[in-house]
Amino acid sequence: MFPLILTRFKDFKEDGMALRQIRYLGDDILKKGCKPIKEVTDRIRTLADDMIETMYEFQGVGLAAPQVGILKRMVVIDVGEGPIVMINPTILETSGEQTGEEGCLSYPGKAGIVTRPNYVKAKYYDLDMNEVIVEGEELLARCICHELDHLDGHMYVELAGDTIHDVTYDEMEEE
Ligand code: NI
């Protein structure tokens, strides 16, 4: 996901990280369900690193594995508090409502208006396979919902209806 208002650009590069090719709306892989991760292998760690780098490169706040062509249940998120890698995430609880602009790195140059819960409590596993509970409001809640939808083959455009519109790069950078 990308926000229309970016509060921070990170300069996050480490040796050995690589950009992955993003899949775009219309690619069948984005409609498929993803499989749970049973074990964190070196390949999974590399994928997580690459997804984080790819998310930052394209100024996203979240990226799901199927968006780089990998049908595994893993997402990366950074809403300005540092990167989180979520393995096998599930939403436990939601409440409230927020309606606002949402975009996706798999549909560049577009945004739409989507209603999401304002609060989300989710469970996931970190790269050491420890169970973690996260609670998020506003952008983090929106981002968790958006990214988890990707793992089940769904994109925000299904929720945005006819509110999809063009956005310029300038608008995306605006404070
Ligand atoms: Ni997305």
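Let's start with a term: contact means heavy atoms within 4.5 Å. You're looking at a predicted model, where local features need pLDDT of at least 70, side-chain atom pairs count only at pLDDT 80 or more, and totals for chains, interfaces and linings use all residues. Residues are numbered from 1 along each chain as its sequence is written, and side-chain values use heavy atoms, with hydrogens and water left out.

**Exercise 1. Trace the five-stranded sheet and find its edges.**

Step 1: Helices (H or I, at least four residues) and strands (E, at least two) are DSSP runs, numbered from the N terminus. Two strands pair if DSSP finds at least two bridges between them.

Step 2: Follow the order β1-β2-β3-β6-β7; this sheet is open, and its pairing is antiparallel.

Step 3: Pick out β1 (62–64) and β7 (131–137), the edge strands, each of which pairs on one side only. From one strand to the next, the twist averages 40°.

Step 4: Zoom in on β2 (residues 74–77) and β3 (residues 84–95), an antiparallel pair with four bridges. Here isoleucine 77 stands opposite isoleucine 84 of β3.

**Exercise 2. Work out which helices lie across that sheet.**

Step 1: For the angles, axes are lines fitted to C-alpha atoms, for helices over the stretch in contact, and angles run from 0 to 180 degrees between N-to-C directions.

Step 2: Take α1 (residues 42–57), which lies across β1, β2 and β3 and runs at about 40° to β2.

Step 3: Now take α2 (residues 138–151), lying across β1, β2, β3, β6 (119–125) and β7, at about 125° to β7.

**Exercise 3. Find the second sheet and relate it to α2.**

Step 1: Look for the open, antiparallel sheet of three strands in the order β4-β5-β8. Its edge strands are β4 (98–102) and β8 (165–166), each pairing on one side only.

Step 2: Check β4 against β5: they pair in the antiparallel sense over five bridges. Glutamate 101 has isoleucine 113 in β5 as its bridge partner.

Step 3: Bring α2 back in, since you've met it already: α2 also lies across β4 and β5, at about 65° to β4.

**Exercise 4. Is α2 enclosed, and what does it hold?** Let's take it apart.Step 1: Buried means under 20% relative accessible area, exposed over 50%, and partly exposed in between (1.4 Å probe, protein chains only). Because 11 of the 14 residues of α2 are buried, the helix is largely enclosed by the rest of the structure. Among them are Leu140, Ala141 and Cys143.

Step 2: Compare its span with the expected one (1.5 Å times one less than the number of residues). From first C-alpha to last, α2 reaches 21 Å, close to the 20 Å expected.

Step 3: Spot the metal. Donors are N, O and S atoms within 2.8 Å of the metal (3.2 Å for Na, K and Ca), and water is not among the atoms, so sites may look incomplete. The nickel ion's protein donors are Cys104 (SG), His146 (NE2) and His150 (NE2), at 2.1 to 2.2 Å.

Step 4: Place the two histidines: histidine 146 and histidine 150 sit in α2, four residues apart, about one turn of the helix. Both are buried.

**Exercise 5. Locate asparagine 118 and describe its surroundings.**

Step 1: Go to the loop between β5 (110–116) and β6, where asparagine 118 has its place.

Step 2: Asparagine 118 counts as partly exposed because its relative accessibility is 22%.

Step 3: Setting aside residues up to four places away in sequence, asparagine 118 touches several residues, including Ser95, Gln98, Glu138 and Ala141. The C-alpha atoms of asparagine 118 and alanine 141 are 6.1 Å apart, with the two residues 23 apart along the chain.
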